[in-house]
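Got your viewer open? Load the model, pick a cartoon style, and keep the selection box handy.

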Amino acid sequence: MENPGHFKVRINSLIPGKPTTFNLYLKLNNQNVLYLRAGDRLDGEKIKVLTTKDSGSHFWVNEAERKMYKGYVHDQMVSTDLNVREKSVVLRESTISLVEEMFENPDVNQALENSRPVIKEFVNFMQGEPEAMGHLISLSGHDFYTFNHSLDVSVYSLGLAEAMGFTKTDLEEMGVGALFHDIGKRHVSLDILCKKGPLSDVEWAQMQKHPQYGLMILNEYPNSSDAVKATCFEHHENFLGNGYPQQLQGQEIHPFARIVAITDTYDALTTQRSYNVPMTPTDAVTMMKDKLAGKYDPEMLKALYSVLFKLKAA
Ligand SMILES: [Fe+2]
Ligand SMILES: [Fe+2]
């Protein structure tokens, strides 16, 4: 643990000028130094100075005050003085640190439990604000860390599933599944995950094991449902039947996994990684429709189109 008893709070998830309901600490020379007392207001100018420094993207909050922070984020989401864009930033920024924790937390059960209210918050936001999805998507795809990728895949998947007419319960379940789809990468070595350039055959074989590893991890925890497990285990199957690990085809593949197969590729194609040039959304979807046709559920691919098209109109 980087800072036992404390969790990370990204600065951009906090609203300057609004009183906090929890103490904020900075970690300096391995010590937690109180930066702002609960009830005090964050100064916008001071934050700007802070973000230019090394440790500047986040504060630390005592674990005992986690509920207060969650309540604070929820209050911002339902407040009337923030616009949709500002709410999108708060939701995304507060979730990134949570997803980061999920990938580092040895207690996957806890991580699964933590993820549910967050996904609910996304679903409520998306269904309550017609422009929310557009803003959330426009904040996606700026860098390619596993946790940003997982969050972005969840956002795209929620948009796509909503366009397909999924129920709210399904949306919530699928959002969790999408967030955990690559959890098995915990068991793939960092050298492989971060390698700049193409993988060797041996490395590739390791990488392709991540759906199995993911299932193994999730099987140990009662908080993961069959749908969440299927999303993780089947997200590299492909519609024609030549994916992995089971070579399932068409409707045999769980619908959530068919969605994640699409949004996962879309995110990979449109995000800057160390060795590739990101494609534009239009180029990525065109390539998936033409060159990669047959890999994906055609109805769902159409839905991705409609989500991205709606975005352009917004
Ligand atoms: Fe994957
Ligand atoms: Fe992925």
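What follows is a walk through the chain, one selection at a time.

**Before you click**

Residues count from 1 along each chain as its sequence is written, while chains get letters from A and ligands get numbers from 1 in the order in which they are written. This is a predicted model, so to speak of local features we need pLDDT of at least 70, side-chain atom pairs count only at pLDDT 80 or more, and totals for chains, interfaces and linings use all residues.

**Stop 1: colour by confidence**

Colour by pLDDT, the predictor's confidence in each residue, from 0 to 100. The protein chain averages 89, and 94% of its residues score at least 70. For the two ends of the range, select residues 44–51, helix α1, where confidence is lowest at a mean of 80, then residues 226–233, helix α11, where it is highest at 97. Element names here refer to DSSP runs numbered from the N terminus: helices are H or I with at least four residues, strands are E with at least two.

**Stop 2: two domains**

Give 1–82 one colour and 84–313 another: these are domain 1 and domain 2, with bounds from an automatic or database domain assignment. Their centres, taken over C-alpha atoms, are 28 Å apart. Where they meet, 12 residues of domain 1 are in contact with 13 residues of domain 2 (contact: C-beta atoms, placed from the backbone, within 7 Å). On the domain 1 side, the elements giving two or more residues are β1 (6–10) and α2 (66–78). That side has five nonpolar, five polar and two charged residues. In this scheme Ala, Val, Leu, Ile, Met, Phe, Trp, Tyr, Cys and Pro are nonpolar, Asp, Glu, Lys and Arg are charged, and the others, Gly among them, are polar.

**Stop 3: strands of domain 1**

Select β1 along with residues 58–62, which is β4. β1 and β4 run antiparallel and are joined by five bridges (strands pair if DSSP finds at least two bridges between them). Show sticks for Lys-8 and you'll find Trp-60 of β4 opposite. How many of the five residues of β4 are buried? Four of them, so call the strand mostly covered. Buried means 20 or more other C-beta atoms within 10 Å of a residue's own, exposed means 12 or fewer, and partly exposed is in between, with C-beta atoms placed from the backbone.

Now pick residues 24–28 (β2) and 31–36 (β3), an antiparallel pair with five bridges. Tyr-25 sits opposite Leu-34 in β3. The two strands form a hairpin with two residues between them. Zoom in on that loop: Asn-29 has phi near 45 degrees, a positive value in a residue other than glycine, and Asn-30 also has a positive phi, about 65 degrees. Asn-29 counts as exposed because just 5 other C-beta atoms lie within 10 Å; Asn-30 is exposed as well, with 6.

**Stop 4: the core**

Next, go for the largest nonpolar core, which has 66 residues. A nonpolar core is a set of buried Ala, Val, Leu, Ile, Met, Phe, Trp, Tyr and Cys residues joined through C-beta atoms within 7 Å. Val-61, Phe-122, Leu-160, Ile-259, Ile-262, Met-300 and Leu-304 touch the most other members. Helix α4 (residues 108–128) gives the largest share, eight residues. Both domains give residues to this core, so it lies between them.

Centre on Ile-262: leaving out residues up to four places away in sequence, it touches Leu-160, Tyr-296, Met-300, Leu-301 and Leu-304. Then hop to Leu-158 in helix α6 (residues 146–163), which is buried because 28 other C-beta atoms lie within 10 Å. With the same sequence cut-off, Leu-158 touches Phe-122, Val-123, Met-126, Leu-171 and Gly-175.

**Stop 5: two last clicks**

Select Tyr-244 and Pro-245 and check omega: a cis peptide bond joins them, at about 5 degrees. Pro-245 lies in the loop between α11 and α12 (255–270).

Finish on Lys-302 in helix α14 (residues 298–313). Is Lys-302 buried, exposed or partly exposed? Partly exposed, because Lys-302 has 15 C-beta neighbours inside 10 Å. Draw a C-alpha to C-alpha distance from Lys-302 to Lys-289 and you get 8.9 Å, with their positions 13 residues apart in sequence numbering.

Key: Contact = placed C-beta atoms within 7 Å.
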